[in-house]
Structure formats: structure tokens, C-alpha cells
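Here is a short tour of one structure. Keep the sequence and the 3D view side by side as you read.

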Amino acid sequence: MKISERIDGITGISAEYRGEVLPAPKSVKIELTAACNYACKFCVQSVQKGSGTMDRALFSRLIREMRAAGVEELGLFYIGESFLCHWLPEAVKEAKEVGFPYVFLTTNGSAATPSKVAECMKAGLDSLKFSLNFDSGKQLAEIAQVSERFFEQAITHLIAARQIRDAGGYKCGIYASSIAFDGEQGARMQKVIDRIAHYVDESYK
């Protein structure tokens with residue numbers, strides 16, 4: 001299944017979710033850490049910097065309760081950058097052991113080092129999406145308020161993720177998403193998308 005089809009299947013509101021007594025959602029995101037190494041101007045992190053990391057025991061309890069309630073897909077991220085959480089691979093492993101059929105991650109890419117990506121894939125990660133919203137290092141530095149070098153670093157990490165996936169025979173989808181903002185930005189972003197197209201299973205805006 002394409003990632004865009006999976007997203008459409010989750011965001012659509014089916015009849016079972018229109019009654020008075022609702023079942024558990026099929027897909028849930030849980031924030032392992034509020035920390036992020038970016039401070040994008042369009043994100044709440046730019047005005048209210050988060051830094052806390054979820055208690056490990058709380059995570060263990062919540063994922064078991066969610067799975068027992070019928071949650072099928074678990075996203076190990078929300079506002080923060082989950083690759084800053086040192087126990088991210090262990091979280092993936094535990095989620096799979098608890099029985100989640102689909103465990104997924106979204107990252108800005110800069111902190112998704114090859115070693116940590118390899119650990120997550122080995123632990124059973126089903127999907128890794130790189131959120132690439134900038135057309136250049138210059139734009140990244142202006143909007144995310146970080147060094148321009150993070151732009152190339154994110155792309156390098158995406159390419160490495162594909163190589164790790166293929167070399168290890170891991171069943172982890174690799175995806176990329178981007179925000180067009182407007183026509184001109186969309187055209188500039190297309191160059192970035194074309195650059196990484198060979199390394200992802202699907203990219204979408």
C-alpha cells in the first residue's frame with residue numbers, strides 16, 4: 001500500500017466513527033520527546049520550545065493500553081524530533097513486541113543518523129518518512145533557524161537510509177513529504193524531490 005493511500009484511509013471518517021460510542025482510532029501518534037533541533041517559524045517550537053522526554057514506564061503502559069483498545073498503527077513522533085530520543089530503537093522494538101502491525105516515524109532527517117536508522121529498522125520499523133520542506137540550505141537556515149549544513153545532512157541521511165534498508169533486507173518503507181506553500185516554492189521544491197526520487201518508495205506534497 002502506498003503511504004498516501006494509507007494516510008487517506010486513516011484521515012477519512014468512516015461510519016463507525018460517526019456514532020455516539022466510538023471505537024479506538026486505528027492510528028495514533030505518541031510523542032517520545034518534545035525536543036527538536038529545528039525552530040521552524042511555522043511551528044509551535046519557535047515560540048514555545050519543548051524539551052521534555054516521555055517517561056519510559058509511561059510509554060510502556062500507554063502502548064499496551066492502546067493496542068488492547070484496538071489501535072493498529074503507532075507513530076512514534078508528534079511535534080518533537082524523535083531521533084533525539086536515545087531510546088527510540090527500543091521504543092520501536094517494544095511496540096512491535098506488543099503487537100502493533102505498523103510502526104512509523106517522521107523525521108526532519110538531520111538527526112536520523114545511519115547508525116540509529118539501522119537500529120530502528122532492525123527493531124522492526126515499518127515506515128520512515130523524511131519531511132523535506134526547504135528548497136535549499138539558505139531557506140532552511142532562514143526558516144528553521146539552524147545551520148545551512150543541515151540541509152545536505154538530511155538528504156545524505158535519507159540516501160543512507162535507503163542503502164541500509166536494501167543492504168539489510170529490512171521491510172521498512174522510505175518516504176518523503178514536502179510542503180509547497182505556493183507555486184514558486186513548489187517549483188523550487190521539485191528539484192529537491194527529483195534529487196531524492198530514486199531513493200524513496202514514494203514522495204508526496
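In strand E5, the residues Gly173, Tyr175 and Ser177 point one way, Ile174 and Ala176 point the other way, and all are buried; buried here means under 20% relative accessible area, exposed over 50%, and partly exposed in between (1.4 Å probe, protein chains only). In a regular strand the side chains alternate between the two faces of the sheet. E5 is mostly covered, with 5 of its 5 residues buried.

A word on the source: this is a predicted model, where local features need pLDDT of at least 70 and side-chain atom pairs count only at pLDDT 80 or more, while totals for chains, interfaces and linings use all residues. Residues are numbered from 1 along each chain as its sequence is written, and side-chain values use heavy atoms, leaving out hydrogens and water.

E5 has partners on both sides: E4 (residues 127–131) pairs with E5 (residues 173–177) in the parallel sense over 5 bridges, and E5 pairs with E6, again in the parallel sense, over 3 bridges. Strands are DSSP runs of E with at least two residues, helices are runs of H or I with at least four, and both are numbered from the N terminus. Two strands pair if DSSP finds at least two bridges between them. Some of the facing residues are these:

| Residue | Stands opposite / bridge partner |
|---|---|
| Ser127 | Gly173 in E5 |
| Leu128 | Ile174 in E5 |
| Ala176 | Ser203 in E6 |

Zoom out, and you get an open sheet of 6 strands in the order E1-E2-E3-E4-E5-E6, with parallel pairing. Its edge strands, E1 (27–29) and E6 (202–204), each pair on one side only. Neighbouring strands are turned by 20° against each other on average, direction ignored. Helix H1 (residues 3–11) packs on the sheet, touching E1, E2, E3 (102–107), E4, E5 and E6, and its direction makes about 55° with that of E6. Contact means heavy atoms within 4.5 Å, and axes are lines fitted to C-alpha atoms, for helices over the stretch in contact, with angles from 0 to 180 degrees between N-to-C directions.

Now for two loops. Glu31 sits in the loop between E1 and helix H2 (56–69), and counts as partly exposed because its relative accessibility is 26%. Not counting residues up to four places away in sequence, Glu31 touches Met54, Phe77, Tyr78, Ile79 and Gly80. Tyr78 belongs to the loop between E2 (73–75) and helix H3 (88–98). Is Tyr78 buried or exposed? At 55% relative accessibility, Tyr78 counts as exposed.
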